[in-house]
Amino acid sequence: MGNKFSKDPQEIYKEIKKCKGDRQKLAKKLFVALDDDRSGYLTIREIVDQFEGYSKSHHSIDYQTIFDNYDTNNDGIISEAEFIEFYIEANRHVTRNEFEKRVHKALIIFRTIVAKSTDADFIYDVELKGKNLRSSVNVLFDAMDDDETGTIDTREFQSHLSALGVQEADKLETLWRAYDEDNDGMITRSEFWEFWSKRNGLGVKPEKAKRSLAVLIAKFRSVYARVQRREKKRGEVTKVLERLDTEYKLKNEEEQKALRGKAAVETRIENEQRKKEMAAGKARRRVQKRRIEIEERNQAKDEQQTTQENKQLQEKKQLQEKKQLQENHQEAGEEEGRGRGIFADRRHPKEHQKEHHKKHHKKHHRKHKNKSSHGPTLHEL
């Protein structure tokens with residue numbers, strides 16, 4: 001495009017780096033590079049010219065689809081805000097470095113592309129210069145004949161006159177009737193030439209008239225593009241978008257895979273941590289169980305020992321009581337014996353002798369019995 005901005009890749013690279021990754025500023029630079037006529041908006045002709053220079057292959061490129069994607073409010077032009085918003089959104093998935101690379105590549109190409117059909121000077125120098133006035137008017141007619149039918153209908157007429165600022169319905173209807181002499185609803189080449197020559201006069205200087213025609217042609221071509229080979233080129237943009245979508249999906253899948261891998265690692269770490277916690281919990285429970293068992297065993301042992309000690313104390317107490325009882329009985333017997341001895345002297349001498357003899361006899365009998373237990377006596381033999 002014929003602009004005053006640098007076309008040197010190194011200078012463009014420096015411009016991009018000054019933006020410090022600001023996508024708004026980078027997209028605006030790209031918009032300016034596309035805006036051939038510095039109108040502040042893009043027309044479909046500008047899109048066609050730039051993309052034809054940008055793409056090495058023009059096969060099946062649906063420029064209208066590209067234009068409609070950017071023209072979000074469907075007013076027939078792409079404003080700076082529309083372009084920036086759509087371009088940033090279309091590239092939202094790319095990194096800062098990749099975004100800058102894309103803008104850098106596009107700026108290098110768009111700034112070196114020479115404006116063609118939307119540039120009035122180019123139209124005059126290439127298409128009108130050297131032609132007669134009527135042939136030049138025919139070029140203007142072709143610029144209005146969007147569907148290339150050889151006639152201009154009311155829709156084409158109104159859309160192109162609106163680009164010149166004629167918006168009032170009365171004026172549009174008056175002009176239409178002036179051009180459509182036979183009132184058949186179409187303006188032919190001859191009708192168009194007849195009215196134009198009458199209105200502008202044949203006495204005007206041809207070169208000056210052609211300069212004016214070049215400006216009108218540039219404006220009319222900006223209203224609606226007569227894109228050659230539209231049917232042949234259809235599908236190219238779809239392929240590009242599909243490729244971009246595939247790249248995005250692949251990248252998204254890679255990111256998802258990376259996220260899944262990260263999630264798997266985190267899950268594995270969590271599982272290992274959970275296992276460690278469970279193992280630690282089991283170990284704590286085993287230790288606690290063991291401690292409880294030891295405590296219960298020690299308690300049982302203490303209870304058993306206490307029981308034994310109590311039993312021993314009880315037995316000891318019983319023995320002491322029994323011994324004490326025996327001692328008491330012995331003391332009582334001795335006292336009773338002593339009492340009997342006292343009273344024995346008071347008995348009759350015969351009774352005393354008799355009892356003494358009885359004791360002596362018992363003693364002799366025990367002695368004789370002991371001797372008999374060791375074998376027969378001499379008397380028995």
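## A tour of rings and helices

Start by selecting Phe 83: this residue is buried, with a relative accessible area of 3% (buried means under 20%, exposed over 50% and partly exposed in between, using a 1.4 Å probe and protein chains only). Before moving on, know that this is a predicted model, where local features need pLDDT of at least 70, side-chain atom pairs count only at pLDDT 80 or more, and totals for chains, interfaces and linings use all residues. Residues are numbered from 1 along each chain as its sequence is written, and side-chain values use heavy atoms, with hydrogens and water left out.

**Stop one: around Phe 83**

Now colour the whole of H5. Its buried residues are Glu 82, Phe 83, Ile 84, Tyr 87 and Ile 88. What do the buried residues of H5 pack against? Show helix H2 (23-34), strand E1 (41-42), H4, strand E2 (78-79) and helix H6 (96-110), and you have the partners. Contact here means heavy atoms within 4.5 Å; helices (H or I, at least four residues) and strands (E, at least two) are DSSP runs, numbered from the N terminus.

**Stop two: the rings**

The structure holds 11 aromatic pairs. Rings of Phe, Tyr and Trp (its six-membered ring) pair if their centres lie within 6.5 Å; planes under 30 degrees apart count as stacked, over 60 as edge-to-face and the rest as tilted. Add Tyr 70 to your selection: with Phe 83 it makes a stacked pair, 5.1 Å centre to centre and 15 degrees between the planes. This pair links distant parts of the chain, with Tyr 70 in helix H4 (residues 63-70) and Phe 83 in helix H5 (residues 80-90), 13 residues apart. Tyr 70 is buried too, at 10% relative accessible area. Widen the view to Phe 31, Tyr 70, Phe 83, Phe 86, Tyr 87 and Phe 99, which ring pairs link into a cluster.

**Stop three: H9 and H10**

Next, pick helix H9 (residues 154-163) and helix H10 (residues 169-179): their axes come within 11 Å and cross at roughly 125 degrees. Axes are lines fitted to C-alpha atoms, for helices over the stretch in contact, and angles run from 0 to 180 degrees between N-to-C directions. To see who touches whom, show Thr 154, Phe 157, Gln 158 and Leu 161 in H9, which meet Leu 172, Leu 175, Trp 176 and Tyr 179 in H10.

Finish on Tyr 179, which counts as buried at 9% relative accessibility.
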